[in-house]
Amino acid sequence: ESEKLMARRRSEVLGGILGATEGAALRRISHDVDTGSLAAYLYSPEASGIRKQAVKMLSDILVKPTKGGTIFIDKKEQKEDSLDLPEWPESEEARKIRERQEIAARRAISVLLGTHLNRLWKYPIIAARLALSIAAITLKAFVLATQEICVDLCSSAASKALGVATFPFRVVRNLFNKNNKKSDSGDAPRTASV
């Protein structure tokens, strides 16, 4: 539980850096990135590992959402994956600072995304190839999620069908075991006296 809390805190801190005054250098670096080169890299063969990770991450999001849930989530899994972690202790002043940084980070991210999307229009062929790559990632993730859900449904149905099919045998076995125990307790061994 403490590891999950630390992981959540790390992501909060990283997101807060963009909104903090100390994050100016990070915002400047993010702004100065060559959008065309980055987009060209993302659909290149060298970035196949990144695309595979994106497919897996998106598929996991589709199969096991953290909020709302689906009928396919096992209750045990849902408890393990839930984010019902204790809140990180912070003062009222620290909470207000964090909230301001979150708002500033969202604003900074939207400005950065807008800037990079505007720059990407200068490279229509690269933009089209990137859009196709994103569409392929989304399609692969959807197929992978559908496959995982179908496997879960089939294994669940097979398990329930097996339980129903073996029910009469289990009833007979339990009755047989119960009768054996009664007969064993009634037939206590008698010792012969000499």
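**Helices in contact**

Visitor: Which hand does the crossing of helix 4 and helix 7 have, left or right?
Guide: This is a predicted model, in which local features need pLDDT of at least 70, side-chain atom pairs count only at pLDDT 80 or more, and totals for chains, interfaces and linings use all residues. Residues are numbered from 1 along each chain as its sequence is written, while side-chain values use heavy atoms and leave out hydrogens and water. With the near helix turned clockwise from the far one by less than a right angle (anticlockwise would be left-handed), the crossing of helix 4 and helix 7 is right-handed.

Visitor: At what angle do helix 4 and helix 7 pack?
Guide: Helix 4 covers residues 48-63 and helix 7 covers residues 124-165, and their axes lie 8 Å apart. The angle makes helix 4 oblique to helix 7, a word for what is left once under 35 degrees is roughly parallel, over 145 roughly antiparallel and 65 to 115 roughly perpendicular. The contact (heavy atoms within 4.5 Å) includes Leu-58 and Leu-62 of helix 4, together with Ala-141 and Phe-142 of helix 7. The packing angle of these two helices is about 50°.

Visitor: Which helix does helix 2 cross at roughly 20°?
Guide: Helix 2 spans residues 24-32, and its axis comes within 9 Å of the axis of its partner, which spans residues 92-120. Helix 2 is roughly parallel to that partner, and the crossing is right-handed. From helix 2 the contact takes Arg-27, Ser-30, His-31 and Asp-32, and from the partner it takes residues including Leu-112 and His-116. The helix crossed at roughly 20° is helix 6.

Visitor: Is Arg-27 buried, partly exposed or exposed?
Guide: Arg-27 is found in helix 2, and its C-alpha atom is separated by 9.6 Å from that of Ala-105, 78 residues apart along the chain. Its relative accessible area is 24%, whereas buried means under 20% and exposed over 50%, with a 1.4 Å probe and protein chains only. Because the value falls between these limits, Arg-27 is partly exposed.

Visitor: Which helix gives the largest share of the largest nonpolar core?
Guide: This core has six residues, namely Ala-39, Tyr-43, Leu-120, Ile-126, Ala-127 and Leu-130. Leaving aside neighbours within four places in sequence, Ala-39 is in contact with Leu-120, Ile-126 and Leu-130. In soluble globular proteins, nonpolar side chains tend to be buried together. The largest share of the core, three residues, comes from helix 7.

Visitor: How much of the protein do buried residues make up?
Guide: The protein has eight helices and zero strands, so its elements run α-α-α-α-α-α-α-α from the N terminus on. Among contacts with a separation of 6 or more, 73% join residues 24 or more positions apart. Of the 194 residues in the protein, the buried ones make up 16%.

Conventions:
Axes fitted to C-alpha atoms, helices over the stretch in contact; angles between N-to-C directions. Helix = DSSP H or I, 4+ residues; strand = E, 2+ residues; numbered from the N terminus. Core = buried A, V, L, I, M, F, W, Y, C linked by side-chain atoms within 4.5 Å.
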